[in-house]
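User: I am a first-year student, and I would like a close look at the largest cavity of this structure, told slowly enough that I can follow it on the screen. Please then carry on to whatever else helps me place it in the rest of the model.

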Amino acid sequence: MAKSTTRWVCSECDASLSGWFGKCPTCGAWNTIEERTTSELPSDRVVLSNSATAPVSVEAAVQDAPRRTTGLAEVDRVLGGGLVTGSVVLLGGPPGIGKSTLLLQVGAGIAARHGNVLYASGEESVAQIAGRAQRLSADASRLLVLAETRIESILDAARELALVGELATVVVDSIQTVYSIGTEGLPGNVSQIRAAAAQLVSFAKLHGVPVVLVGHVTKDGQLAGPRVLEHLVDTVLGFDGDEDRALRLLRASKNRFGSTMELGVFEMGSTGLREIGNPSETFLAERPEGAAGSCITASLEGSRPLLLEVQALLAPASGGARRNCVGVDPARLAMILAVLDRHAGLGVLDHDVFVNVAGGLRLFEPAVDLAIALAVASSHLRRPVVADLVALGEIGLTGEVRQAPRLELRLAEAQRLGFRRAVVAGRGDHRQALPGLEITTARSVEAALEAGLAASAASSGRRRGLR
Ligand code: TYD
Ligand code: MG
C-alpha cells in the first residue's frame, strides 16, 4: 500500500502527530492540530548550492571565506573577525535592549566599507528607521531600507541587488515578523519561522551574502521559535544588559567561524551604542575605596582580561541562612563559604550572604574564587581588602589556592590599570616582576586572607592617608 500523504501537525509547536487531537500532546495548546498533505508541506529545506557539488580542498575553502568588517571592533571581535561571506547570524535579545539600533549601526558600517546593505524591517516603518539612522548619524547612502514582512518580497529585492554584485549584507528585523506566502499560519509560528529562515539561509549560501536575523527572546531568555532556528544558522549572538543601566553586552553562544568566549561591551547613549574598548575602567569607575566587602579580580572573557569588582555583605541570619548571588554561581559560593568556615575559622555558615558582581556581569570562572572569598571575609570581619589589590586563584576543598589560568595576562591588565598589589597562588617563588605591581603568593585561603585583608578599617585608612 502506498504511504499515506496526510499528516497532522501542531501549528504552535510543529509537532508531527499520528492523528487529530483537541489538545496538542506535545505543547498542550488547544485546537492547533491541522491536517496537511505532504504536497502542502512548507518548503523549509535549505539549499546550499545551485549546481552539483564536488569536494574541494580545505585550504581553498578557507581562502574562500573572506570577512566583512562591520566598523565596530566589539562586534567584529565577537564574530571572530567580521561577518563571514554567506554566513547567517542570529541576534537574540529581549525587546528594547537595542538590537535594531546595533544592526542599524552595523549595517551603516558595512555599507560604508563594502557596498549596499538591505535592512528589511517588519517592525518599523521606513520613516521610523530613517529617523533613527539620522539620529545615529549613520552614513546612509548605501543603507537601503525596506519595510516588508513577506519573505519572498525581501528575497526578491535582495536577489536583484545580489545578481548585479551590489549587495554586501542583508538584515532581517525580525524573523518573528516575516512570513512566507507558501506556508500556513501566522508570522511567528514555528512553521513560518522555519520556512523563512530556511529561505534566508539558502539565499546566503547561494549568493555568498551574509544575512543577519533578529530573533526575539522569551521571558526566560530562550530564543522564541523552534530550536531548529539555532541549528540552521552559523552564529547565534545574544545581546543583553542591565535594564536600569546603559551597559550592553554582546556574546556568541554558537559560532561556526570563531570562538564563543569573546565579549563585546557597549553603552547605550542618546546617539546610539558607543563601544567600550576599555571595559575594566568602566566597571571599576564606581568602586568604593576602603569599604569592607569589596574585592577586585581579573576575569578572562575570551582573549581579554576584565577587571571586575565582587561585593559581599554578610548579616546574622534569623532562621535559615539565605544565599543571594548575582553574577556568581550559587554552588560555587556555597563551597567557598564551607572552606572559609572549615579552613579559615570564619563562622560564616549561620549568616545571610549576599554576593554581587558590579556592572551586571557573570563570573563563572573558578579563577575568581579567591576574590569572592576575600570579599566575604572582608565583610564578615569588617576589614577592607588592602588598597589597590587584585585577587586571583581557584580555591580547593582542602583550602588550597590554585593558580588561575593565563595569570600573566590578568596581572598585566591589573598593572596597566594602576593596581599595585596582587594575591595569587604559589609558594613565594617565581614571577617575572611587573613594574609597580607587588605580587604576594599564598598556598592556602588562610594565608591569602592574611595577605589580602587590611589590618583593620582604621589602620588601612591611615595607610592610604599617608600616601
Ligand atoms: P531598539 O534598538 O529599538 O531595541 P530592540 O530592537 O532590541 O527592541 O532600542 C530601543 C531602546 O534604545 C529604546 O528604549 C530607546 C533606546 N535608544 C537610545 O537610548 N539611544 C538611541 O540612540 C537609540 C536609537 C535608542
Ligand atoms: Mg527592534
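Analyst: The lining of the largest cavity is made up of ten nonpolar, two polar and four charged residues. Please keep in mind that this is a predicted model. The volume of this largest cavity is about 160 Å³, and 16 residues line it, of which R287, V385, V386, A387 and D388 are the closest to its centre. If you look for the element that gives the most to this lining, you will find strand 15, residues 294-301, which supplies three residues.

One of the residues closest to the centre, D388, deserves a second look. D388 sits in the loop between helix 10 and strand 19, and its relative accessibility is 17%, so it counts as buried, the cut-off being under 20%. The backbone of D388 also stands out, since its phi is positive, near 60°, although D388 is a residue other than glycine. The loop between helix 10 (369-381) and strand 19 (389-391) also holds R382, another residue that is not a glycine and yet has a positive phi, here about 55°. With a relative accessible area of 68%, however, R382 is exposed, whereas D388 is buried.

The largest cavity can now be set beside another enclosed space, for there are three cavities of 30 Å³ or more. The second largest cavity holds about 90 Å³ of space, and its lining has eleven nonpolar residues, one polar residue and no charged ones. Among the residues that line this second largest cavity are T70, V75, L79, L83, V89 and L91, and the list also includes L102, L103, V106, V212, L237 and L250. Helix 2 (73-79), strand 6 (88-93) and helix 3 (99-114) each give at least two residues to this lining, and the largest share, three residues, is that of helix 3.

From the cavities we can turn to an open space. The second largest pocket has a volume of about 290 Å³, and R245, F283, E286, A358 and G359 are the closest to its centre among the 20 residues of its lining. Two or more residues of that lining come from each of helix 8 (279-284), strand 16 (304-316) and strand 18 (351-357). By class, the pocket lining contains nine nonpolar, five polar and six charged residues. Domain 2 (69-277) and domain 3 (285-459) each contribute at least three residues to the lining of this pocket.

Next comes a contact between side chains. The structure holds one aromatic pair, formed by F239 and F266, whose ring centres are 6.0 Å apart and whose planes meet at 80°, so the pair is edge-to-face. F239 belongs to strand 11 (residues 235-241) and F266 to strand 13 (residues 263-269), so the pair ties together parts that are 27 residues apart in sequence. Both F239 and F266 are buried.

Buried residues can also be followed along a helix. In helix 12, residues 445-452, the residues V445, A448, L449 and G452 are buried. Viewed down the axis of helix 12, its buried residues fall within an arc of 100°, so they line one face of the helix. The general reason is that an α-helix has 3.6 residues a turn, so residues three or four places apart point the same way.

A few places in the loops complete the picture. A cis peptide bond, with omega of about 5°, joins D173 and S174, and S174 is in the loop between strand 9 (167-173) and helix 6 (190-207). S125 lies in the loop between strand 7 (116-121) and helix 4 (126-135), and it is partly exposed at 33% relative accessibility. Although S125 and A147 are 22 residues apart in sequence, their C-alpha atoms are 5.7 Å apart in space. Q403 lies in the loop between strand 21 (401-402) and helix 11 (407-416), and with a relative accessible area of 43% it counts as partly exposed. Q403 and L392 are eleven residues apart in sequence, and from C-alpha to C-alpha they are 7.6 Å apart in space.

Key
Residues numbered from 1 in each chain as written. Chains lettered and ligands numbered in written order. Predicted model: local features only at pLDDT ≥ 70, side-chain atom pairs only at ≥ 80, totals over all residues. Heavy atoms only, no water. Buried < 20%, exposed > 50% of the residue type's maximum accessible area, 1.4 Å probe, protein only. Helix = DSSP H or I, 4+ residues; strand = E, 2+ residues; numbered from the N terminus. Arc of directions from axis to C-beta. 1 Å grid on protein atoms, 1.4 Å probe; cavity = no way out; pocket = protein on both sides within 12 Å on 5 of 7 lines; lining within 4 Å. Points joined across faces, edges and corners; volume = space filled by probe spheres on them. Nonpolar A, V, L, I, M, F, W, Y, C, P; charged D, E, K, R; others polar. Domains from an automatic or database assignment. Phe/Tyr/Trp six-rings, centres within 6.5 Å; stacked < 30°, edge-to-face > 60°.
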